[in-house]
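Work through the following exercises with the sequence and the model open side by side. Each task is followed by a solution that proceeds step by step.

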Amino acid sequence: MDPFLYLDRDTWVHRLDPRTKMLLLLGSFVLAFLYVNPLYGLGVLAVVLLFGASARVLINLRRIWFVLLMIGVMTTILWSIFGGGTTPLFWFVEREAFLYAVGAALRIDVMIIAGMIFLSTTRNEEIATGLVKLGIPYRFAFAVSTALRLVPTIAATGSTIGQAQRSRGLDLESGNIIQRVRKNTPLLIPVFVSTIRSTNVFSMALESKGFGASTKRTYFLRLAMKRQDALVLLVFVLLLAAAVALRMAGYGGLEGFSR
Amino acid sequence: MDNETHAAGREQPAVRVRDLTYRYRGQDKPALEGVSLDVTRGEFVVVMGPSGAGKSTLCVSLNGLVPHFFRGRIDGEVRINGRSTREGKVGEFAREVGLVFQDFEAQLFSTNVALEVAFGPENFSVEREEMVRRVEGVLGRVRLEGFEDRQPATLSGGQKQRLAIASVLAIEPRILCLDEPTTDLDPIGKLGVFEIAGELKDRDDVTLIVVEHETEETLDADRIVVLKDGMVIADRPAREVLRDVELLEEARIMPLQITRFFHEMGLWQGQLPLTPEEGLKELRQRGWRISPGRHRELVEKDAEREATYGGPIIEAEGLTHRYPNGVVALEDVSLTVRRDEFLAVLGQNGSGKTTLVKHFNGLLEPTGGSVRVDGEDTVSQGVRGLGQKVGYVFQNPDHQIFSDTVFDEVAFGPRVRELNEEDVKERVSEALAAVGLEGYEQEDPFVLTKGERQRVAVASVLAVRPEVLILDEPTTGLDYAEQRSMMDLVRRLNESGSTIIVVTHTMWVVAEYAHRAVVVKDGRVTLSGTVRDVFAREEELRDASLRPPHIVSMGNALGYTVLSVEEMIRVTGDK
């Protein structure tokens with residue numbers, strides 16, 4: 001399996017400077033948190049999806065649809081139960097609590113999707129270099145990009161190990177959630193052993209290529225904020241400002257919700 | 001030659017190892033013991049030896065990973081161009097010694113080829129223009145021009161290993177150390193790596209230190225150093241070591257087949273030929289001929305054996321597999337495996353051979369065509385049901401071992417099938433006996449050697465008593481003695497009634513053990529037949545990046561395909 005989320009396409013989003021994309025990502029988090037009302041939340045989701053579609057990377061959502069769904073459903077259920085409101089909807093759930101719950105679910109999913117789009121359009125090395133240009137020490141920036149790389153690698157190892165155990169007769173698919181978790185636990189051992197072995201080789205390879213040999217370092221990737229970056233940022237700041245103004249004017253809230 | 005004192009101005013050795021003893025923390029025995037070794041600039045030295053001989057430890061001592069990265073106790077010293085590795089950091093020595101590890105997957109981490117190569121120069125603050133020049137230069141050297149924007153994950157095994165070499169070369173080290181660079185590669189991929197190594201030495205005067213376990217790959221070396229139990233037991237010119245059949249066998253290294261043939265035929269050591277070409281010359285000079293009658297006997301034996309096979313157990317018809325991303329891994333493959341057969345599946349890295357066999361136990365379902373096991377479609381049987389009939393031993397034993405004791409590990413399969421403890425016990429002792437691990441029941445699998453862990457993995461599959469046993473690269477990472485004992489085990493299982501399917505790159509294993517071979521290329525079966533028939537077609541094999549072992553090539557050149565040194569001896573007569 002491909003250990004990276006990055007999709008090598010040539011779109012205007014891919015061509016943006018990684019710093020621009022980081023700012024857009026942060027901005028989209030602000031947007032997501034701005035509105036409580038799920039209708040407005042849907043609007044934010046639409047903007048984010050439109051952005052992803054124009055970068056031709058939404059196909060990656062297929063890899064995480066289950067996570068998105070589970071988080072969405074769980075959040076909706078929890079907030080519906082524990083939130084309070086004034087208009088009864090069904091059983092003991094109030095209308096306001098339910099709407100708030102849907103809004104909260106949307107908010108989390110929007111952030112995950114935005115992060116996904118960011119990782120699908122930005123190379124690991126661009127993230128590291130971008131962070132360095134923003135004043136973060138290289139070692140830290142490299143650690144971030146390595147962590148991003150490690151997660152899918154572990155997932156790939158896990159899938160091979162799952163296959164190995166299934167062919168020995170381990171039935172991973174049936175049973176309720178607790179039973180399935182228990183059956184999957186022994187798989188963690190080979191996953192850890194393999195991961196530790198390969199990260200050991202990885203760190204030896206890093207040292208052998210002179211990682212951290214000197215305090216100074218040059219970069220193969222050249223980053224430059226171009227006219228498009230400025231333009232995109234300008235448009236986005238205007239959008240954000242408008243969204244904030246709308247919220248300040250009292251739109252997008254939820255009357256009658258209480259915790 | 002006495003190198004102890006060298007006058008100022010005289011060239012010092014690129015690598016000088018003196019009385020190096022190293023013990024990893026927590027180990028009783030030293031990994032290296034009193035190793036002394038000089039390598040002059042521009043020399044090509046091959047290091048050989050059995051598993052656990054200390055070959056990798058020697059490699060990692062060259063750039064200071066020992067003692068700086070590993071914990072342990074060091075005595076003696078390593079000097080690189082005159083400077084002791086104790087005096088500086090790994091990063092400083094990395095500029096002089098390039099180190100490429102065996103596991104190429106774990107050392108590639110960038111999102112494209114150019115960035116992978118640039119990583120080293122970046123660390124050494126090389127100016128960007130110079131970096132661009134280097135990336136272009138080294139990619140040309142390892143024949144990866146035009147791959148700059150490819151993701152390393154999409155490359156073939158041989159390409160990945162070449163990229164790993166390039167990423168180190170970009171630092172422009174004068175010494176290059178490759179630790180078993182070809183273990184996981186198909187024969188032509190192996191050749192590619194060694195061709196590049198040869199060019200680096202000839203053109204750029206790079207000093208080469210290569211750990212290798214296959215003698216066929218070491219013919220171009222200047223010197224061979226043989227390690228055993230952490231000690232140097234031989235350090236002589238390559239051709240001299242290669243002619244010393246007894247020394248190699250003592251060090252659990254497979255001797256060259258041509259050399260062993262003439263050795264067994266009674267030739268004096270000094271005149272032993274090494275390659276098929278030299279062997280042919282020697283045969284002609286001596287007037288030895290192949291007896292057509294005795295060769296016919298071999299062919300007839302193959303046919304007799306084939307007649308004893310039972311009915312079909314696995315039948316693939318028009319099997320096609322398309323991965324979700326659209327890549328077609330298999331296209332229209334039809335193949336029948338009969339009971340009691342010993343089948344080898346061959347092909348280049350990434351040709352689709354693993355994808356093919358994963359259909360046989362239901363891990364993958366066909367996207368077109370069908371696979372039937374024991375007359376029934378695999379899709380309706382499911383992985384769990386098929387597990388009773390088809391056992392699958394994965395390439396990396398660490399991917400399947402998770403229990404604290406060997407007993408529990410092997411008992412896992414019978415237990416999930418809800419056998420009672422009595423039967424489980426019986427199954428486990430039967431399986432452990434079959435793999436020669438009786439008495440290991442209470443051992444922790446993780447402290448065993450790779451060869452032993454591989455056996456535990458086989459035992460744990462055997463315990464379910466499947467009719468068919470699939471082994472994916474069962475000999476990778478094992479030394480010659482371990483490979484032999486592994487394959488002898490597989491042969492015994494075959495003789496006692498298991499149908500065997502082996503996926504492998506190791507050609508002599510196929511020649512000596514398998515009955516039938518299929519060659520997969522780009523998702524299609526391009527060759528299929530008895531091993532003798534398949535190995536007779538060298539041209540078509542080369543087309544699929546494969547190359548028969550030396551003894552087979554020599555036989556082919558004479559017009560008679562033999563599969564082992566023993567067969568060659570049998571068919572050779574004086575007249």
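**Exercise 1: the four-stranded sheet of chain B**

Establish the strand order and the edges of the open sheet of 4 strands in chain B.

Solution. The 4 strands of this open sheet of chain B follow the order β2-β1-β4-β5, and their pairing is antiparallel. Helices (H or I, at least four residues) and strands (E, at least two) are DSSP runs numbered from the N terminus, and two strands pair if DSSP finds at least two bridges between them. At the edges stand β2 (32-39) and β5 (83-84) of chain B, each of which pairs on one side only. The pairing of β4 (residues 72-80) with β5 in chain B is antiparallel and runs over 2 bridges, and within β5(B) the bridge partner of B:I80 is B:R83.

The model is predicted: local features need pLDDT of at least 70 and side-chain atom pairs count only at pLDDT 80 or more, whereas totals for chains, interfaces and linings use all residues. Residues are numbered from 1 along each chain as its sequence is written, while chains are lettered from A and ligands numbered from 1 in the order in which they are written.

**Exercise 2: the six-stranded sheet and its helices**

Describe the open sheet of 6 strands in chain B, and then place the helices that pack on it.

Solution. The order is β6-β7-β8-β3-β9-β10 (chain B), with mixed pairing. Because β6 (97-100) and β10 of chain B have a single partner strand each, one side of each of these edge strands is left without a neighbour in the sheet. Neighbouring strands are turned by 15° against each other on average, direction ignored; axes are lines fitted to C-alpha atoms, for helices over the stretch in contact, and angles run from 0 to 180 degrees between N-to-C directions.

Next, take the pairings one by one. Strand β3 (residues 44-48) of chain B pairs with β9(B) in the parallel sense over 4 bridges, with B:V225 of β9(B) as the bridge partner of B:V47. Helix α1(B) packs on the sheet and touches β3, β6, β7 (175-179), β8 (207-211) and β9 of chain B, its direction making about 150° with that of β7(B). Contact requires that the C-beta atoms of two residues, placed from the backbone, lie within 7 Å. Helix α8 (residues 187-204) of chain B also packs on the sheet, touching β3, β7 and β8 of chain B at about 155° to the direction of β8(B).

Finally, β9 (residues 223-228) and β10 (residues 231-237) of chain B pair in the antiparallel sense over 6 bridges, and B:L227 stands opposite B:V232 in β10(B). These two strands form a hairpin with 2 residues between them, and B:D229 in the turn has a positive phi of about 50°.

**Exercise 3: a helix pair in chain A**

How are α2(A) and α5(A) oriented relative to each other?

Solution. Helix α2 (residues 18-34) and helix α5 (residues 95-121) of chain A pack at about 170°, with their axes 9 Å apart. They are therefore roughly antiparallel to each other, since angles under 35 degrees count as roughly parallel, over 145 as roughly antiparallel, 65 to 115 as roughly perpendicular and the rest as oblique. The contact includes A:L25 and A:F29 of α2(A) together with A:V110 and A:F118 of α5(A).

**Exercise 4: where the chains meet**

How many residues of chain B are in contact with chain A?

Solution. The contact involves 52 residues of chain B and 42 residues of chain A. Helix α5(B) gives the most to the side of chain B that touches chain A, with 6 residues.
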